[in-house]
Amino acid sequence: MKDDTWIDVDRYIEDLFLGSDPVLEFALKKASEAGLPSINVSPTQGKMLNLLVQMQRAQSILEIGTLGGYSTIWMARALPQAGHLITLEINELHAQVARANIENAGLSDKVTVTLGPAAESLEKLISQGAGPFDFVFIDADKPGNPDYFRLAMKLTRPGSVIVVDNVIRDGAVVQADATDPAVIGTRELNRLVAAETTVSATQIQTVGSKGYDGFALIVVQDG
Ligand code: SAH
Ligand code: DHB
Ligand code: MG
């Protein structure tokens, strides 16, 4: 589902508030040339992540699902001088493209791309005593979402923000009898979030150049 009007309006918003951005355009071009799928957040969504990181005054960010580093660059740009972002990626080529794009963006000193299955990398971060992270962006494989949320809760603190991408997916999320593992994963994530007494959450449905989808917004509360 992708309405032409949604795309026109996204372009209108981009022209008004984002302007041209050679570094991010280069990152998308490199990702596309390397054969990476075009499933990065849209420019307006990237800017939204950047603004959320600013609102949170985040100094530490954890990203699950790097791809070519597009969302990574948007978020890392909002970090203060001493800020840091760790991004987790399972695919070696994706990690390689992301590292080059992050370098080109001048963000290599702030960003670490960690190669491996996210659940394993998260367990390792927990055992190393990493965190708490101020801001978490979950955007990897959707069947992994329940695990990523559970593990993210161990790497955050009251006041931390967790954002999850792709929680609506053309409205498929309402299918209680879904067989698509991505929908099942998102519905299980939602059940966990709803049952978790130490978070406050909502979801925002979105339309635009990426079609009809949405974000989960979660704030960790005092336990
Ligand atoms: N956040 C990116 C898009 C990420 S796409 C952006 O908006 O620019 C999802 C990424 O998650 C892909 O690169 C995919 O390789 C990665 N991924 C899939 N399964 C994973 C897993 N189990 N662990 C870590 N990364 C995974
Ligand atoms: C897909 C994954 C994403 O993270 C996204 O934003 C859009 C699509 C996918 O796997 O199809
Ligand atoms: Mg996504």
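So, where does ligand 2 sit, as far as pockets go? The space taken by ligand 2 is the largest pocket, and ligand 1 sits in the largest pocket too. By pocket I mean, on a 1 Å grid over the protein atoms alone, an open set of points with protein on both sides within 12 Å along at least five of seven lines; a molecule sits in it if more than half of its atoms lie within 2 Å of its grid points.

Quick housekeeping: this is a predicted model, where local features need pLDDT of at least 70, side-chain atom pairs count only at pLDDT 80 or more, and totals for chains, interfaces and linings use all residues. Residues are numbered from 1 along each chain, chains are lettered from A and ligands numbered from 1 in the order written, and side-chain values use heavy atoms, leaving out hydrogens and water.

Okay, ligand 2. Around it, meaning with a heavy atom within 4 Å, are Ile39, Asp139, Lys142, Asp165, Asn166, Arg169 and Lys210. For polar contacts (N or O pairs within 3.5 Å), an oxygen of ligand 2 is 2.7 Å from a side-chain N or O of Asn166, and Arg169 has a polar side-chain atom 3.2 Å from a ligand 2 oxygen. The protein covers 70% of the 290 Å² that ligand 2 has accessible on its own (Shrake-Rupley, 1.4 Å probe).

Now ligand 1. It has 21 residues around it, with Ser71, Glu89, His94, Ala118 and Asp139 coming nearest. The Glu89 side chain puts an N or O atom 2.6 Å from a ligand 1 oxygen. Alone, ligand 1 exposes 580 Å², and the protein buries 89% of that.

Conventions:
A polar contact is a pair of N or O atoms within 3.5 Å; within protein, one must be able to donate a hydrogen and the other to accept it, and residues adjacent in sequence count only if both atoms are side-chain atoms. On a 1 Å grid over the protein atoms alone, a cavity is a set of points where a 1.4 Å probe fits but cannot get out, and a pocket is an open set with protein on both sides within 12 Å along at least five of seven lines; lining residues have an atom within 4 Å of a point.
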